[in-house]
Structures are given as structure tokens and as C-alpha cells.
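This report describes a protein fold through its secondary structure, its sheets, two loop residues and one pocket. The sequence and the structure are shown first.

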Amino acid sequence: MNIKNYSFVFLLLSSVLLCGCKTDNISEERKTHEKSVSSSDISPFKIKTDQLLTGKVFSGFEIIKSANKNTNDWAQEIRHKFTGIEMVYVPSGIFEMGALHDDKNIEAHYISHTVTITKPFYIGKYEITQGQWETVMGNNPSVFGKCVKDFPVENVSWEDCQDFLEKLNQNQDDCKFRLPYEAEWEFSAKGSINAEKFPYSGSENLNEVAWYVSNSMKSTHPIGEKKTNALNICDMSGNVWEWCQDRYGHYSAEPETDPEGAGLFSSLWYNYGRVVRGGCWASNSKSCTVVHRYHYDSATRLNIIGFRVCIDITAE
């Protein structure tokens with residue numbers, strides 16, 4: 001064998017040895033990486049807080065905040081998969097509805113009285129948005145922010161809301177969406193029974209929790225930009241007035257259980273229409289308090305009125 005052939009063999013052997021070393025190095029790196037991954041506590045079933053999302057939930061919903069000791073095994077917060085509507089669990093309880101006893105404005109419209117809410121329910125964390133309305137109804141009646149889907153829908157009547165709910169409920173089997181009753185609305189706005197008593201929903205500082213005449217720049221604003229209340233519900237003061245299911249009427253001075261508003265005769269006699277709550281972007285501070293109430297005819301459409309929804313919890 002001549003010198004050239006020896007040189008070729010030497011180069012060939014060197015290449016094989018070098019490749020073997022690289023292969024060994026890659027193999028060791030892979031083993032080290034695999035050992036590191038297998039020894040970690042990362043699980044595809046855990047969320048960032050390392051807590052499982054647990055709790056009872058209706059079909060068509062997903063859990064976004066787990067159950068706790070106060071929710072009877074129901075999830076604290078849930079999201080409707082089709083529309084994205086987020087809901088917050090509200091426990092049953094007893095509270096004082098209406099104006100405080102030392103309020104100068106003690107009249108039949110506002111007189112303080114004890115109300116018992118016997119069953120828990122879910123209420124919308126936010127007002128229904130234009131995007132959610134479009135998803136269900138295929139149109140957008142709103143005046144403000146039509147290019148922004150997370151503005152609250154407005155310019156909808158109480159009757160329009162019933163049409164929305166009817167369509168939304170067509171594919172719901174184990175629960176039905178509805179408007180909140182006025183007592184449920186106030187109970188939720190106050191943050192249920194254990195919350196600190198504020199004049200507005202979540203604060204004594206209106207600017208923290210509401211878009212109203214002094215800061216709204218004559219328009220609605222996207223949902224969720226202000227501070228939430230004790231139940232983690234947003235925008236119950238300001239932005240848009242919110243329709244309730246009830247007919248408007250005078251409060252009873254006597255204790256009530258699960259009140260559903262004035263009777264038909266009383267409402268027609270006084271021609272009050274349906275209840276709205278919470279104030280709006282054009283309201284003064286008094287109208288944004290958690291006890292203030294107003295009314296409109298059920299066919300009224302204004303750019304100051306929207307709504308949020310509720311779901312009954314009947315199975316425990």
C-alpha cells in the first residue's frame with residue numbers, strides 16, 4: 001500500500017472516531033434533558049397557579065375560577081363557550097335593600113327593607129357586549145363603539161333583551177339565561193352579605209368603579225376597565241343602565257323573600273314600566289349608587305341602556 005492509501009485510511013478512521021464522540025455527546029445531552037423534564041413537576045392538567053380547575057358547571061360552559069367553600073361545589077366563575085359570556089357565582093343570603101335608615105330620601109320608592117335571596121345564582125361578570133349581541137342576533141343596534149366588540153351593547157329595549165334571551169337559550173339544555181330581578185341585581189352590586197358597605201358597587205370612590213358624566217367623555221367604554229366589587233363583578237355602577245326583569249313599583253316596608261317586583265296592576269296603574277339599575281355614562285353620582293332605581297317602558301331604546309344576564313342554580 002502506498003503513502004496516499006495510508007493517508008486515506010488514516011483520515012477515514014479519524015472521521016469515524018470524531019462522529020462517535022459527537023454522537024456520544026448528543027446522546028448525553030438528550031439524556032440530561034429527558035431526566036430534567038421527567039423530574040419536573042409540570043403537568044398538562046395544571047394551570048399557572050398550580051391549582052386544578054374544579055367545580056360543578058353547566059354544559060356549554062368552561063370553568064375559569066374553581067369552586068370554594070362558599071359555592072356549594074359550583075365553580076366561582078364560568079364562561080359560556082359559544083358567546084364568551086362570563087358569569088360569577090352569587091350565594092344566597094339576607095340583606096337590607098333600598099336606602100339606609102338614616103337617608104333623608106326615605107320614600108316608598110327607596111325605603112329600606114329586609115330581603116332574603118333563598119337560592120344562589122350566576123350573574124354576568126360584565127354587561128353584554130356588542131360582540132356577544134352580534135354572535136346571537138346577527139346585528140348591532142348600538143350607537144357607540146361599533147368597531148369595538150367589547151363595548152357594552154346599548155340602544156336595546158327590554159323586549160329586545162327577551163328576544164336575545166330566547167335565541168340564546170335555544171341550545172341550552174340544563175340552564176336558561178334570563179335578566180336579573182331587581183333584588184338580585186342590588187344584592188350582587190353590593191357584593192353579597194359580607195362585603196363592605198359602599199355607596200357604589202365596589203368603592204366609595206366613583207371614579208374607581210364607574211364611567212359616568214364626569215369621566216366618560218360622553219360615551220360608553222369597553223367592559224372591565226374599572227375596579228370590580230367584592231364578588232369580582234364589574235361595571236355595576238355606570239357605563240350603561242341595566243334592564244331588570246321586574247316591573248317598577250313601590251317597595252314594601254315589610255320583609256320580602258325572592259321578590260319579583262311590582263304586580264301587573266300596580267305597574268299599569270302608575271305606568272312605570274320596567275326597572276333599570278346602575279346609572280350610565282351620562283349619569284350623576286347619585287344615579288350610580290347601588291340603591292338608586294329608575295324605570296322605562298319595555299319598548300324604550302336609548303344609547304344609555306344595556307343589560308347583563310343571570311342563570312338560576314336549581315340543582316345542589
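Buried denotes a relative accessible area under 20%, exposed one over 50%, and partly exposed anything in between, with a 1.4 Å probe and protein chains only. The model is predicted: local features need pLDDT of at least 70, side-chain atom pairs count only at pLDDT 80 or more, and totals for chains, interfaces and linings use all residues. Residues are numbered from 1 along each chain as its sequence is written, and side-chain values use heavy atoms, with hydrogens and water left out.

**Overall composition**

The protein has 316 residues, of which 47% count as buried. Its secondary structure comes to 6 helices and 13 strands; helices (H or I, at least four residues) and strands (E, at least two) are DSSP runs, numbered from the N terminus. Contact means heavy atoms within 4.5 Å. Among contacts between residues at least 6 apart in sequence, 66% join residues at least 24 apart.

**Two loop residues with positive phi**

Most residues other than glycine have a negative phi. The table lists two residues that are not glycine and have a positive value.

| Residue | Phi | Loop | Relative accessible area |
|---|---|---|---|
| Asn-155 | about 65° | between H2 (130–137) and H3 | 19% |
| Met-217 | near 55° | between H5 (206–209) and E8 | 70% |

Met-217 is exposed because its relative accessibility is 70%. Asn-155 is buried, since its relative accessible area is 19%. Which residues does Asn-155 touch, not counting those up to four places away in sequence? They are Pro-141, Ser-142, Val-143, Asp-160, Arg-301, Leu-302, Asn-303 and Ile-305. One of them, Leu-302, is 147 residues from Asn-155 in sequence, yet the two C-alpha atoms are 4.4 Å apart in space.

**The sheet of six strands and helix H4**

Two strands pair if DSSP finds at least two bridges between them. An open sheet of 6 strands follows the order E1-E2-E3-E6-E13-E7 with antiparallel pairing. Its edge strands, E1 (61–65) and E7 (177–178), each pair on one side only. Between E1 and E2 (residues 77–80) there are 4 bridges in the antiparallel sense, and Phe-61 stands opposite His-80 in E2. Helix H4 (residues 182–189) packs on this sheet, where it touches E3 (86–90), E6 (121–124), E7 and E13 (310–312). The directions of H4 and E6 make an angle of about 75°; axes are lines fitted to C-alpha atoms, for helices over the stretch in contact, and angles run from 0 to 180 degrees between N-to-C directions.

H4 is mostly covered, with 8 of its 8 residues buried. Among them are Trp-185 and Phe-187, along with Glu-182, Glu-184 and Glu-186. After H4 comes Gly-191, with a positive phi near 90°.

**The sheet of four strands and helix H3**

A further open sheet has 4 strands in the order E11-E10-E8-E12, and its pairing is mixed. E11 (293–296) and E12 (305–306) are the edge strands, each pairing on one side only. E10 (residues 274–277) is joined to E11 in the antiparallel sense by 4 bridges, with Val-276 opposite Tyr-294. Helix H3 (residues 158–168) packs on this sheet through E8 (241–247) and E10, and its direction makes about 85° with that of E8.

**The pair E4 and E5**

Strand E4 (residues 93–97) shows alternating side chains: Gly-93, Phe-95 and Met-97 point to one face and are buried, whereas Ile-94 and Glu-96 point to the other and are not. E4 runs antiparallel to E5 (residues 113–117), and 5 bridges join the two strands. The bridge partner of Glu-96 in E5 is Thr-114.

**The second largest pocket**

On a 1 Å grid over the protein atoms alone, a pocket is an open set of points where a 1.4 Å probe fits, with protein on both sides within 12 Å along at least five of seven lines; lining residues have an atom within 4 Å of a point. Grid points are joined across faces, edges and corners, and a volume is the space filled by probe spheres set on the points. The second largest pocket has a volume of about 360 Å³. Of its 18 lining residues, Asn-68, Asn-70, Pro-91, Ser-192 and Leu-231 lie nearest the centre. By class, the lining has 7 nonpolar, 9 polar and 2 charged residues; Ala, Val, Leu, Ile, Met, Phe, Trp, Tyr, Cys and Pro count as nonpolar, Asp, Glu, Lys and Arg as charged, and the others, Gly among them, as polar.
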